Amino acid sequence: MTGLFYIILVFSFILFHLFTNLAAKSINEDNHDFARSLDPKILNLEKEKLTYMTLYWHDLAEGQNQTSIVSAPPSKTSATRFGQIRVMDDPMTAEPNPRSKVIGKSQGLSAYAAQEEFGLSMAN
């Protein structure tokens with residue numbers, strides 16, 4: 001099973017590089033730019049709409065109504081909390097007050113991922 005997995009992985013890797021190299025070559029035949037603009041009419045795209053939103057994300061790591069908890073503690077020898085993983089279910093509001101109406105949730109994980117400085121990796 002493991003051998004078949006590696007064969008499929010290598011084959012996928014080769015196909016990926018083959019197609020990306022061919023695509024890059026076809027783009028660069030006319031000019032030597034890395035990328036080019038596409039005419040939105042070709043893709044049947046309408047004019048884009050732009051919306052500005054301000055959301056307030058409330059992460060309560062301590063107290064009675066915690067919205068995030070430590071699911072894996074950090075290394076005992078780390079000064080940067082390396083290895084600590086937190087699970088969160090944080091409310092998001094349209095106003096800075098945490099007691100204002102909740103209009104969304106930020107749910108996911110955060111992990112301290114650097115050994116020599118504070119480095120936070122998040123997945124929501």
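Setting aside neighbours within four places in sequence, Leu 55 is in contact with Met 92, Thr 93 and Ile 103. This residue sits in the loop between helix 1 and strand 1, and with a relative accessible area of 38% Leu 55 is partly exposed. A further relation across the sequence can be read from the backbone, where the C-alpha atom of Leu 55 is separated by 10.0 Å from that of Val 102, a residue 47 places away along the chain. All of this is read from a predicted model, and the confidence of the prediction therefore deserves attention before the other details are taken up, since where pLDDT is low the predicted coordinates should not be read in detail.

The chain averages a pLDDT of 78, and 70% of its residues score at least 70. Among the elements of the chain, helix 1 has the lowest mean pLDDT, at 57, whereas strand 3, covering residues 85-93, has the highest, at 93. Over residues 22-29 the pLDDT stays under 50, and for this stretch the model has four contacts beyond four places in sequence.

With that caution in place, the overall architecture can be described. The secondary structure comes to one helix and five strands, and, read along the sequence, these elements follow the pattern α-β-β-β-β-β. Of the 124 residues of the chain, 14% count as buried, and the chain exposes about 11000 Å², of which carbon and sulfur atoms supply 59%. Among the contacts between residues at least 6 apart in sequence, 38% join residues at least 24 apart.

A buried position can be examined at His 58, which lies in the loop between strand 1 and strand 2, the latter spanning residues 68-72. His 58 counts as buried because its relative accessibility is 9%, and the cut-off for that class is under 20%. Not counting residues up to four places away in sequence, His 58 touches Thr 67, Asp 90, Pro 91, Thr 93, Glu 95, Pro 96, Asn 97 and Pro 98. With one of these residues, Thr 93, the side chain of His 58 also makes a polar contact of 2.8 Å. Thr 93 is, in addition, among the residues in contact with Leu 55.

Charged side chains offer another view of how the strands are related. Side chains of opposite charge can pair when their charged atoms come close. A search of the whole structure finds one salt bridge, and Lys 105 forms a salt bridge with Asp 89, with the closest N and O atoms 3.6 Å apart. The pair links distant parts of the chain, for Lys 105 belongs to strand 4, residues 102-112, and Asp 89 to strand 3, the two being 16 residues apart. Both partners fall in the partly exposed class, Lys 105 at 48% relative accessibility and Asp 89 at 33%.

The surface also carries nonpolar side chains, and here the loop that holds Leu 55 comes back into view. Ile 42, Leu 43 and Leu 45 form a nonpolar patch on the surface, with about 330 Å² of accessible area together. Leu 45 is found in the loop between helix 1, residues 2-28, and strand 1, residues 56-57, and its relative accessible area of 53% makes Leu 45 exposed, since that class begins over 50%. Leu 55, placed in the loop between helix 1 and strand 1 as well, is by contrast partly exposed at 38%.

Definitions and conventions
Residues numbered from 1 in each chain as written. Predicted model: local features only at pLDDT ≥ 70, side-chain atom pairs only at ≥ 80, totals over all residues. Heavy atoms only, no water. Patch = residues over 30% accessible without salt bridge, like charges linked within 9 Å, V, L, I, M, F, W, Y side chains within 5 Å. Areas by Shrake-Rupley, 256 points an atom, 1.4 Å probe, with all protein chains shown as cover. Salt bridge = Lys/Arg side-chain N within 4 Å of Asp/Glu carboxyl O. Helix = DSSP H or I, 4+ residues; strand = E, 2+ residues; numbered from the N terminus. Buried < 20%, exposed > 50% of the residue type's maximum accessible area, 1.4 Å probe, protein only. Contact = heavy atoms within 4.5 Å. Polar contact = N/O pair within 3.5 Å; in protein donor to acceptor, adjacent residues only side chain to side chain. pLDDT = per-residue confidence, 0-100.
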